[in-house]
Amino acid sequence: MDKNTVSREGNRAKIELTSDLVASVVQDLRPQFKSLSDKGITELTIDLSQVSAIDSMGIGLLIAVYNSMLSRNGQVFLTNASVEIKELLREMRIDKRLTVA
């Protein structure tokens with residue numbers, strides 16, 4: 001897995017994923033997201049421009065990140081999602097909880 005780019009400004013952070021959001025990378029991503037949450041981030045943007053596939057483990061990670069942010073009165077935004085990814089998230093009704101663009 002290539003290194004994801006993380007930028008922070010105050011209580012906001014943006015992470016640019018550099019690979020698909022699938023089981024083989026979820027284990028490496030969990031600590032990154034937890035670290036951001038532990039550092040007081042309340043607005044997280046996840047850039048999906050380089051993501052072409054999300055499996056059930058990736059969906060589970062997004063839901064876990066959302067729940068973690070929600071417990072801190074935070075928000076999660078998914079940006080630059082492909083048409084296919086947006087459709088998947090809409091079919092699974094994840095777009096009802098997360099802002100998807």
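**Stop 1: the helix α2**

Select G58, I59, L61, L62, V65, Y66 and M69: these are the buried residues of α2. Keep in mind that the model on screen is predicted. Now look down the axis of α2. The buried residues fall within an arc of 160°, so they line one face of the helix. A general rule about helices helps here. An α-helix has 3.6 residues a turn, so residues three or four places apart point the same way.

What do the buried residues of α2 pack against? Show α1, β3, β4 and α3: those are the elements they pack against. Then turn to the other side of α2, where S56 and S71 are exposed.

Check the length of α2 as well. This helix has 16 residues. From its first C-alpha to its last it reaches 22 Å, close to the 22 Å expected at 1.5 Å a residue.

**Stop 2: the strand β3**

Select β3, residues 43-47. Is β3 largely enclosed or open? Of its 5 residues, 4 are buried, so the rest of the structure largely encloses β3.

Add β2, residues 12-16. β2 and β3 run parallel, joined by 5 bridges. Pick K14 to see one pairing: its bridge partner in β3 is T45.

Now add β4, residues 75-79. β3 and β4 also pair in the parallel sense, over 5 bridges. Stay on T45, whose bridge partner in β4 is F77.

**Stop 3: the crossovers**

Colour β2, α1 and β3 together. They make a right-handed β-α-β unit. Follow the chain onward from β3 through α2 to β4: this β-α-β crossover is right-handed.

**Stop 4: the nonpolar core**

How many residues does the largest nonpolar core have? It has 28, and those with the most contacts inside it are L44 and I46. The elements giving two or more residues to this core are β2, α1 (23-38), β3, α2 (56-71), β4 and α3 (83-91). Of these, α2 gives the most, with 6 residues.

Select I46 and show what surrounds it. Leaving aside neighbours within four places in sequence, I46 is in contact with I15, L17, F33, L62, V76, F77, L78 and T79. You have met L62 already, among the buried residues of α2. F77 is familiar too, as the bridge partner of T45.

**Stop 5: A81, a loop residue**

Move to the loop between β4 and α3 and select A81. Is A81 buried or exposed? A81 is buried, with a relative accessible area of 9%; buried here means under 20%. Apart from neighbours within four places in sequence, its contacts are L48, K86, V100 and A101.

Draw a distance from A81 to S52. Their C-alpha atoms are separated by 8.5 Å, and the two residues are 29 residues apart along the chain.

**Stop 6: two positive phi angles**

A general point first: most residues other than glycine have a negative phi. The next two selections have positive values.

Go to the loop between α2 and β4 and select N73. Its phi is near 60°, a positive value in a residue other than glycine. N73 is exposed, with a relative accessible area of 74%.

Finish in the loop between α3 and β5 (99-100), where R93 is found. R93 is not a glycine, yet its phi is positive, at about 60°. R93 is exposed, with a relative accessible area of 63%.

Terms used:
Residues numbered from 1 in each chain as written. Predicted model: local features only at pLDDT ≥ 70, side-chain atom pairs only at ≥ 80, totals over all residues. Heavy atoms only, no water. Core = buried A, V, L, I, M, F, W, Y, C linked by side-chain atoms within 4.5 Å. Buried < 20%, exposed > 50% of the residue type's maximum accessible area, 1.4 Å probe, protein only. Contact = heavy atoms within 4.5 Å. Pairing = 2+ DSSP bridges. Right-handed = clockwise from strand over helix to strand, strands pointing away. Expected span 1.5 Å × (residues − 1). Arc of directions from axis to C-beta.
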